[in-house]
Amino acid sequence: MRSLLLTAVAITAFSATMTVEPPDANAVVYCAAGVVRAGCVVRPVVAPTVRGVARRSDIMLKHDISLLGHLDNGLGFYRFSYNGSDKAYVGVMAQEVQTVMPAAVLRGSDGYLRVFYDKLGLKFQSYDHWTASGAHVPAGTPVEQ
């Protein structure tokens with residue numbers, strides 16, 4: 001019984017400062033007491049690659065998605081938040097990009113789609129930064145033929 005109690009105390013002490021970081025996560029979530037929504041700091045994670053930076057852009061990883069307009073190449077330009085966070089960003093949905101410009105999309109080892117924003121002629125940015133800079137839907141890169 002005493003060893004069980006000591007084990008419980010050790011687990012409690014460990015979880016008070018744990019970092020929750022699922023493999024290839026959208027965001028690294030640093031938590032007090034290991035509770036995801038109580039006092040957590042969320043930092044977006046990007047996947048550096050040889051061709052540039054591929055941002056996790058799979059629709060399954062996003063919520064509160066709102067269409068803001070369309071790029072000149074027909075792709076939707078959206079406001080969204082990543083699951084587990086309320087911080088808003090602007091950008092595209094990987095599934096749409098894949099149908100129009102497949103070279104700008106890759107599937108990560110976790111099964112989720114990533115987008116090379118530079119291949120689309122776009123800058124990945126927060127919604128607040130986008131609105132502060134004038135809130136203009138960018139033109140984007142023409143569709144590959």
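**Exercise 1. Determine which residue of S10 is the bridge partner of Arg107, and then describe how the strands around S10 are paired.**

Solution. In this predicted model, Arg107 has Leu113 as its bridge partner in S10. The next step is to place this pair within its strands: S9 covers residues 105-107 and runs antiparallel to S10, the two being joined by 3 bridges. The connection between S9 and S10 is a hairpin with 5 residues between the strands, and Gly111, which sits in the turn, has a positive phi of about 95 degrees. A further step turns to strand S5, residues 52-56, which also pairs with S10 in the antiparallel sense over 3 bridges. In that pairing, Arg55 stands opposite Val115 of S10.

**Exercise 2. Work out which residues of strand S10 point one way and which the other way, and state whether they are buried or exposed.**

Solution. Begin with the general expectation that side chains in a regular strand alternate between the two faces of the sheet. In S10, which spans residues 113-116, Leu113 and Val115 point one way, whereas Arg114 and Phe116 point the other way. For the second part, the cut-off for a buried residue is under 20% relative accessible area, and all four of these residues, Arg114 included, are buried.

**Exercise 3. For Asp64 and Ala135, give the sign of phi, the place of each residue in the chain and its accessibility.**

Solution. The background to this step is that most residues other than glycine have a negative phi. Asp64 nevertheless has a positive phi, near 50 degrees, and this residue lies in strand S6, residues 62-70. Because its relative accessibility is 51%, Asp64 counts as exposed, the cut-off being over 50%. Ala135 likewise has a positive phi, in this case near 55 degrees, but its place is in the segment after helix H3, residues 127-132. With a relative accessible area of 33%, Ala135 is therefore partly exposed.

**Exercise 4. Set out the overall composition of the protein, its order of elements and its burial.**

Solution. First count the elements: the secondary structure comes to 3 helices and 11 strands. Next, arrange these along the sequence, where the pattern reads α-β-β-β-β-β-β-β-β-α-β-β-β-α. Then consider burial, for which 32% of the 145 residues count as buried, while the protein exposes about 8,400 Å², with carbon and sulfur atoms supplying 60% of that area. Finally, among contacts between residues at least 6 apart in sequence, 42% join residues at least 24 apart.

Methods. Residues numbered from 1 in each chain as written. Predicted model: local features only at pLDDT ≥ 70, side-chain atom pairs only at ≥ 80, totals over all residues. Heavy atoms only, no water. Helix = DSSP H or I, 4+ residues; strand = E, 2+ residues; numbered from the N terminus. Buried < 20%, exposed > 50% of the residue type's maximum accessible area, 1.4 Å probe, protein only. Contact = heavy atoms within 4.5 Å. Areas by Shrake-Rupley, 256 points an atom, 1.4 Å probe, with all protein chains shown as cover. Pairing = 2+ DSSP bridges.
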